[in-house]
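Q: Please take a close look at the backbone of this model, at the places where peptide bonds or phi angles depart from the usual. Set those places in the context of the whole chain.

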Amino acid sequence: MRERLSMDSDWLFHLGEPARPKVRTHESVYGYAKAGGAQGPAGWQWNDNDWETVHLPHDWSHRQPFDREQGYPNFGYKPRGTGWYRKKFRLGDGYRNKRLLLELDGIATHATIYVNGSVLERNLSGYTSFMVDITDRALFGDQPNLIAVHVDATEAEGWWYEGAGIYRHVWLTVMEPLHIDYRGIFVRPEKQQDGSWLAHVETTIASEQEHPAAYTLTSRIADADGCTVAEIQTAGVCPPGEQQTLSTALELPSVRLWDVDDPYLYTLHSELSLVDGTESRLSDRVETSFGCRTIRVCPDEGFFLNERPLKLKGTCNHQDHAGVGVALPDSLQEYRIRRLKEMGSNAYRCAHHNPTPELLEVCDRLGMLVMNENRRFESSREGLLQLESMVKRDRNHPSVIMYSLFNEEPLQGTPTGRRMMKRMMRTVRRLDPTRPLLGAMHGGVLEDGGTADVMDVTGFNYMHGTYDQFRAKHPRQPVIGSETVSAFSTRSQYEDDTVRQMFASYDEACAPWGATAREAWKAVAERDYVMGTFVWTGFDYRGEPTPYEWPSVSTHFGIMDTCGFAKDVYYLYQAFWLNEPVLHLLPHWSWPGREGEPIRVMTHTNCEEAELFVNGRSQGRRRINRYEQTEWLVPYEPGELRLEGYIDGQRVKTAVTETVGEAVRLEALPHKPVLLGDGRDAVAIELRAVDAAGRLVPTDNRRLAFTVEGEAHLLGTGNGDPNSHEPDTEPWRSLFHGRCQLIVQSAPSAPSGLVTIRAEGEGLEPLSLELPIEAVAQLPSVPGLRERYINEWLVTHQAYDERPDPHMQVLASDMNTWEKVDVGHGLLDRLKGLEGFILYRTLIPLAESERTEERSLLFHSIGGGIEIYADGQLLHQEERVWPYLMEVPLGKAAAQAGDALQVTVLIELRPDLYNSGIGGSVVLQQAAAREEG
């Protein structure tokens with residue numbers, strides 16, 4: 001049966017290129033040209049004992065110090081470079097004769113995947129999920145396996161912070177020889193003209209059987225309660241080594257629609273059975289989540305979801321978060337989508353790339369519509385393969401409502417771009433004909449012969465002044481604001497400060513190409529034919545610190561900061577997008593030393609009228625234009641600022657801010673109440689400085705220190721300051737305008753109990769937060785090994801009649817007197833029954849830490865007449881009638897060795913010595929303690 005095993009744990013990591021001697025021998029060149037012959041960090045003999053143990057997801061870039069001299073502003077002045085990952089593991093004998101797929105959800109940026117010494121795959125995009133079939137190369141039982149991944153992040157794909165490393169999950173999928181193919185299910189619910197629904201299901205079956213495989217496929221659809229609502233069975237015969245695609249249709253009675261406010265999900269259970277005569281055996285089972293909904297785009301009335309007009313209220317977002325870079329725990333994906341939903345957003349643009357799968361799963365569950373975006377505008381073979389990967393991976397997600405095939409491309413308005421776009425569109429429609437396709441254009445929309453009128457929807461990046469002109473030229477072409485606004489603001493900042501590189505929060509500053517939030521939303525809201533907007537951006541992100549550079553290291557574009565803390569404009573969007581009264585006033589009301597000075601007070605509201613009071617005195621009641629809002633200029637006096645909102649003459653909402661005192665303590669606000677003890681779950685904890693009355697002190701910027709006690713650890717910290725150069729992973733962080741964030745992750749197999757998070761800052765009462773941990777079942781996984789295996793040996797081709805000289809020299813060009821073998825595969829069959837002598841030899845590179853007398857070689861299986869030499873010194877001599885485990889201390893031979901130690905094993909083969917030779921793995925290890933006397 002199918003298993004999906006996590007490969008996230010126990011990787012060994014080395015930043016940069018490990019130093020290694022340049023070997024120019026015939027043996028090294030000859031060996032590298034052979035399957036399994038990888039050398040250096042990709043090979044078995046490489047010493048990784050000093051490498052760092054890491055768990056995925058892992059982004060090495062955000063952990064590096066800021067580098068103003070060599071760093072790029074676009075990447076937040078964080079170094080990237082290259083790195084190596086290695087994971088050693090075993091697979092039980094039960095996995096023999098199974099199909100084994102290594103699934104890598106995302107590696108930034110260019111990755112080379114080695115399995116047991118061979119290059120099996122190269123991937124050229126940091127955003128493309130891909131698969132490596134390791135079936136033929138896997139080893140089983142006592143034999144270890146090695147996956148080595150070289151990551152080259154020196155070249156960027158984008159112009160923002162992209163991170164570096166294996167920053168998404170890795171899985172091992174195990175399947176029977178007869179199975180449902182990788183990404184082999186496509187569910188396409190379709191509403192019929194009579195109002196009924198059919199679920200069209202395409203299932204691709206693959207067989208690695210040696211004979212034709214008779215099968216039955218049962219497709220069963222269950223509702224959210226697990227009750228079966230439709231079922232169908234088909235049968236067939238799949239020839240060996242081939243695939244078959246079966247198309248079926250299931251009637252769905254009384255469908256409950258998937259919608260943004262009711263994201264109802266069904267599950268397709270696909271069960272494949274191998275039939276042998278009258279008996280059948282379940283061979284594979286796959287569950288596929290999907291939703292029933294209709295989407296339609298209209299050039300006059302915009303976007304329709306389930307035949308209801310729906311203005312898309314979206315944000316564009318990159319994938320990094322404070323404290324963790326791009327290596328987000330899954331729970332942070334949900335935290336971010338919930339923050340957007342609370343703002344009133346119903347759409348999410350994955351800018352400018354295919355997202356992590358877990359983000360789409362959250363959007364399915366929470367009802368967030370998604371514009372899925374392709375990274376490269378390219379119709380080459382590689383470009384189309386990346387595009388196909390996105391579509392086949394994501395086409396079952398009901399949240400995905402459209403595919404964007406490019407963003408702001410120089411060829412967008414040219415005949416060349418038109419030809420490319422047409423080919424890419426054909427590729428997508430072959431795989432998924434159900435979703436509209438677009439490109440996000442920042443020019444060329446009025447050019448004849450470009451891409452603007454061949455796509456299903458024309459995406460406008462900014463250029464809102466061109467909406468009407470384009471519609472006049474292309475009245476039947478649907479339009480969407482694929483990227484809008486690009487306004488600047490800094491959380492809780494109320495004056496522009498060019499020295500500190502911060503922006504006021506009055507919705508005034510924007511990029512030269514952009515607009516304020518009010519101007520851009522008005523342009524969309526007042527035009528029914530514009531399907532909606534995707535604001536740049538929902539969250540601040542690392543890099544691209546427009547319009548400033550150093551010391552700014554992240555953007556000012558976000559509606560929220562990098563922690564997900566709301567800026568004032570968050571409430572302006574609530575006023576635009578929520579169907580409930582919203583009333584927010586800014587700024588805060590704590591301005592010591594500025595008594596009597598005029599302070600701008602502004603509304604963010606959807607109320608029709610608002611009245612402002614200062615210490616109970618009315619400053620006037622005013623009508624509100626939603627797209628303009630209103631302001632008062634109020635002389636500052638400490639006390640209370642109160643705003644009352646009216647609709648139809650009735651007071652419906654009140655907002656109050658008060659002058660606060662000095663901060664005296666900290667307040668902790670976890671984003672969820674319980675931490676799951678699976679080693680993967682994480683919680684974002686907001687820490688706030690508050691005064692004696694428990695009110696946020698928005699001017700406090702003191703440094704805090706943290707400790708985490710119990711079955712959890714501190715994963716990262718942030719504060720949303722776009723100019724902060726504090727490290728993400730140290731147990732301290734300064735508040736920024738009264739707030740900072742901790743991200744705490746559980747330990748694997750954590751029992752139910754409490755984690756204690758402590759925080760303290762000078763002059764503040766210490767904080768102690770007890771967060772419950774709930775013990776949960778662990779995700780099935782493949783644990784890693786730390787042993788250093790010495791399994792690559794040379795062995796003489798033939799047995800010598802007379803005892804040979806164990807110190808004999810071997811010509812570097814001699815590939816025929818000696819045979820290269822992996823002793824982990826077991827005893828060589830050709831040695832069985834022989835008489836005489838054979839030699840094994842290997843060269844073991846030694847790190848300085850390994851050149852001690854406390855090292856030994858552990859032979860898992862060795863037998864015969866045994867002599868073991870290290871750099872010419874006899875270490876051990878004995879006869880073993882039967883092979884078994886043997887540890888040989890290296891002693892002074894290791895202590896006196898140079899960069900490498902040559903080990904030779906002489907074996908005498910005799911009829912009375914059974915299974916003579918090295919018949920199992922060899923491990924270099926710390927010598928076991930021995931009793932004296």
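A: The unusual backbone sites come first, and the chain as a whole follows.

The model is predicted, so local features need pLDDT of at least 70 and side-chain atom pairs count only at pLDDT 80 or more, while totals for chains, interfaces and linings use all residues. Residues are numbered from 1 along each chain as its sequence is written, and side-chain values use heavy atoms, with hydrogens and water left out.

Most residues other than glycine have a negative phi, and most peptide bonds are trans. A cis peptide bond links A108 to T109, with omega at about 10°. T109 sits in the loop that runs between β5 (99-104) and β6 (110-115); strands are DSSP runs of E of at least two residues, helices are runs of H or I of at least four, and both are numbered from the N terminus. The bond from L586 to P587 is cis as well, and its omega is near 10°. P587 belongs to the loop between β29 (583-586) and β30 (598-605).

Positive phi values occur at Y462 and V485, neither of them glycine. For Y462 the angle is near 65°, and the residue lies in the loop between β26 (457-461) and α6 (467-473). Y462 has a relative accessible area of 9% and is therefore buried, a term that means under 20% relative accessible area, with exposed meaning over 50% and partly exposed in between (1.4 Å probe, protein chains only). V485 has a phi near 80° and is placed in strand β27 (residues 479-485). Its relative accessibility is 5%, so V485 also counts as buried.

Now the whole chain. Its secondary structure comes to nine helices and 53 strands. The radius of gyration is 32 Å, close to the 30 Å that the globule rule gives for 933 residues, so the chain is as compact as a globular protein of that length. That radius is taken over C-alpha atoms, and the rule is 2.2 Å times the number of residues to the power 0.38. Along the principal axes, the C-alpha trace spans about 110 × 70 × 55 Å. Of the 933 residues, 60% count as buried. Among contacts (heavy atoms within 4.5 Å) between residues at least 6 apart in sequence, 72% join residues at least 24 apart.
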